[in-house]
Amino acid sequence: MKTLAPVAAIDALEDATWLDPVVEFEHRLSRAIFKPQWLRDLLHGVPQGHPLHPPLVQVPLGAWFSAAFLDLVPGSEEASRRLVGAGVVAAVPAIAAGYTDYGDLHEQQMRVGLVHAAANLTAVGLYSVSWLARRSGRHGLGKTLSFAGLSVAGVGGFLGGHLSFRQAAGANHVEDVPHRVAPGWHSLGPVDELPTGTLTRRTVGDVPVTVLRQESSDAVFVIADLCSHLSGPLHEGELTTGAPGEGPCVTCPWHGSTFSLRDGAVVNGPATAPQPSFATRVVDGRLEVSLPGAG
Ligand code: FES
């Protein structure tokens with residue numbers, strides 16, 4: 001089946017390198033505005049374990065869809081105006097979360113993200129002017145601007161869907177791991193052949209894992225190697241001691257997500273999903289690993 005024309009156009013947009021000067025400027029601006037790590041984590045959705053931007057956009061869109069419905073009902077001008085205004089206010093945190101996510105994407109995703117953001121900001125602008133027009137009693141103009149805003153927001157939403165489902169921005173990139181690892185214990189070879197105090201890569205079947213054999217104890221930590229954010233190779237990341245209670249941590253070399261090697265938990269985003277963490281044991285001098293929930 002042929003790809004629909006709008007999707008083919010967005011596919012072409014992914015490779016529109018002429019956008020890159022603006023893409024790069026916005027990338028740097030995003031990281032400069034939302035600098036504190038706690039704020040970035042909050043806006044990425046680390047505390048919730050899910051990206052925050054998608055649920056936040058439901059609020060302005062819900063308000064604006066409701067306003068559009070009321071605009072077709074005579075005598076609903078005041079309620080419609082309030083919904084339009086509520087949508088504009090609710091768009092602010094949604095924009096902040098989306099703009100934070102934008103700062104940690106691949107280039108192709110940022111190109112689509114740039115146009116997605118431009119469409120949505122245009123929609124917010126149209127709705128803002130619509131609210132002002134309605135407040136001054138020009139309800140006909142307000143309705144026209146609102147329907148224009150809804151149309152542009154629809155284009156923005158379509159691009160957002162492409163980002164999420166075609167380009168997998170915000171998706172958990174290690175969701176497949178438990179389905180690719182067979183249940184039970186798997187040998188990773190003689191434990192004495194593992195380097196100590198440094199990250200190394202091994203495979204369980206065809207699934208890459210990051211392994212840390214600690215210098216100070218017999219403990220060996222094993223988590224999935226490809227980062228849940230966008231598949232960065234964690235064994236090439238930075239090893240840190242971590243805060244008390246977190247144990248040793250690894251920071252992804254691509255966008256800086258940090259995971260506890262003890263249990264794969266997200267310490268810092270942009271990742272929101274934890275790394276699959278393997279149980280370990282040593283049998284006859286060989287390291288064996290098992291993934292809870294595998295199969
Ligand atoms: S791939 Fe983005 S933080 Fe790891």
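The paragraphs below lead through a predicted model of a protein, from its overall build to a few of its residues.

Taken as a whole, the protein has 8 helices and 10 strands, and its C-alpha atoms fill a box of roughly 80 × 45 × 35 Å when the box is laid along the principal axes. Of its 295 residues, 45% count as buried. The accessible surface comes to about 14400 Å², and carbon and sulfur atoms account for 62% of that surface. Among the side chains that carry charge, 20 are positive and 27 are negative, and the centres of these two sets lie 10 Å apart. If one takes the contacts between residues with a separation of 6 or more, 59% of them join residues that are 24 or more positions apart.

The sheet is a good place to begin a closer look. Six of the strands form an open sheet, in the order β1-β10-β9-β4-β3-β2, with antiparallel pairing. At the edges stand β1, residues 186–190, and β2, residues 199–204; each of these has a single partner strand, so one side of each is left without a neighbour in the sheet. Neighbouring strands of this sheet are turned by 30° against each other on average, if direction is ignored. As a general point, the strands of a sheet pair through backbone hydrogen bonds, and the pairing can be either parallel or antiparallel.

At one edge, β2 pairs with β3, which covers residues 207–213, and these two strands are joined in the antiparallel sense over 6 bridges. Within this pair, Arg202 stands opposite Val209 of β3. The hairpin of β2 and β3 has 2 residues between the strands, and in it Gly205 takes a positive phi near 65°.

Further along the order of the sheet, strand β9, residues 277–283, is joined to β10 by 5 bridges, and the two run antiparallel. Thr280 has Val289 in β10 as its bridge partner. The loop between β9 and β10 holds Asp284, whose phi is near 55°, a positive value in a residue other than glycine. Is Asp284 buried or exposed? With a relative accessibility of 77%, Asp284 counts as exposed, because a residue needs over 50% to be placed in that class.

A contrasting case is found in β10 itself, residues 286–290, where Glu288 lies. Glu288 has a relative accessible area of 17% and is therefore buried, since the limit for a buried residue is under 20%. Once its neighbours within four places in sequence are left aside, Glu288 is in contact with Trp185, His186, Ser187, Ala279, Thr280, Arg281 and Val283.

The loop between β8 and β9 deserves a separate visit. Pro270 has its place there, and the peptide bond that leads from Gly269 to Pro270 is cis, with omega near 20°. Thr272 lies in the loop between β8, residues 266–268, and β9, and at 13% relative accessibility it counts as buried. Which residues does Thr272 touch, apart from its neighbours within four places in sequence? Its contacts are His44, Gly45, Val46, Gly49, His50, Pro51 and Val266. Thr272 and Leu230 are 42 residues apart in sequence, and their C-alpha atoms are 11 Å apart in space.

Another loop, the one between β4, residues 220–224, and β5, residues 238–240, contains Ser231. Although Ser231 is not a glycine, it has a positive phi of about 75°, and with a relative accessible area of 23% it is partly exposed.

Two further residues show what burial can look like at its limit. Phe259 has its place in strand β7, residues 258–260, and it is buried with a relative accessible area of 0%. Phe259 and Pro270 are 11 residues apart in sequence, while their C-alpha atoms are 11 Å apart in space. Ser30, for its part, is found in helix α2, residues 20–33, and at 0% relative accessibility Ser30 counts as buried. With its neighbours within four places in sequence left aside, Ser30 is in contact with Arg40, Tyr99, Thr100, Tyr102 and Gly103.

Notes
Residues numbered from 1 in each chain as written. Predicted model: local features only at pLDDT ≥ 70, side-chain atom pairs only at ≥ 80, totals over all residues. Heavy atoms only, no water. Helix = DSSP H or I, 4+ residues; strand = E, 2+ residues; numbered from the N terminus. Buried < 20%, exposed > 50% of the residue type's maximum accessible area, 1.4 Å probe, protein only. Contact = heavy atoms within 4.5 Å. Pairing = 2+ DSSP bridges. Axes fitted to C-alpha atoms, helices over the stretch in contact; angles between N-to-C directions. Areas by Shrake-Rupley, 256 points an atom, 1.4 Å probe, with all protein chains shown as cover. Lys, Arg positive; Asp, Glu negative; His and termini not counted. Charge placed at Lys NZ, Arg CZ, Asp CG, Glu CD.
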